[in-house]
Amino acid sequence: MAYRLLAAILAGLLFGAGLVISDMVNPARVLAFLDVTGAWDPSLAFVMGGALIPSSIAYAIKRKRTRPVFDTAFHVPTSRVIDRPLIGGAILFGLGWGLVGLCPGPAIASLVTGRWETVLFTLAMLAGMAAYRMVSAR
């Protein structure tokens, strides 16, 4: 259990550091990427493309293993159904990302900057998660 927690913390720190180093915690950079008809900034596309390399390696390793090193089973989504909750979640994610320039990972990583906008976004995100849990539990 302690190894699993340590691995999760290290992976989160590595992910957060990558977001900070690549400047993907900067909402202006993300919004410039989404501005395809104006001053488009393609750097986010390169970050996303670069993320395919370790992801592809991880999936190749997963195919050869029966279980992960620090857990009893892999936790990979198996559903291929495109339903209303998936579409609704994608729309909400896209609206938040497009309006603010942040999504959950970069928002949490950018808390180290101390910007009030990031703190407000993260609090709103956590409130939305709590509201969803309360509503979906009924």
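Leu 86 first. Leu 86 sits in helix H4. This is a predicted model, so keep that in mind throughout. Is Leu 86 buried, partly exposed or exposed? Its relative accessibility is 45%. Leu 86 counts as partly exposed because buried means under 20% and exposed means over 50%.

Now the neighbourhood on the surface. Leu 86 belongs to a nonpolar surface patch of about 820 Å². Which other residues make the patch? They are Ile 82, Ile 87, Ile 91, Leu 92, Leu 95, Leu 99 and Val 100.

Next, Gly 94. Gly 94 also has its place in helix H4, which covers residues 84-100. Gly 94 has a relative accessible area of 34%, so Gly 94 is partly exposed. Then look towards Arg 138. Arg 138 is 44 residues from Gly 94 along the chain. Their C-alpha atoms are separated by 26 Å.

Now step back to the chain. How many helices and strands are there? The chain has 6 helices and 0 strands. Along the sequence the pattern reads α-α-α-α-α-α. The C-alpha trace spans about 45 × 40 × 30 Å along its principal axes.

What about burial? Of the 138 residues in the chain, 18% are buried. The chain exposes about 10600 Å². Carbon and sulfur atoms supply 72% of that area.

Contacts next. Take those with a separation of 6 or more. Residues 24 or more positions apart account for 42% of them.

Last, charge. The chain carries 12 positive and 6 negative side chains. The centres of the two sets lie 16 Å apart.

Terms used. Residues numbered from 1 in each chain as written. Predicted model: local features only at pLDDT ≥ 70, side-chain atom pairs only at ≥ 80, totals over all residues. Heavy atoms only, no water. Helix = DSSP H or I, 4+ residues; strand = E, 2+ residues; numbered from the N terminus. Buried < 20%, exposed > 50% of the residue type's maximum accessible area, 1.4 Å probe, protein only. Patch = residues over 30% accessible without salt bridge, like charges linked within 9 Å, V, L, I, M, F, W, Y side chains within 5 Å. Areas by Shrake-Rupley, 256 points an atom, 1.4 Å probe, with all protein chains shown as cover. Salt bridge = Lys/Arg side-chain N within 4 Å of Asp/Glu carboxyl O. Contact = heavy atoms within 4.5 Å. Lys, Arg positive; Asp, Glu negative; His and termini not counted. Charge placed at Lys NZ, Arg CZ, Asp CG, Glu CD.
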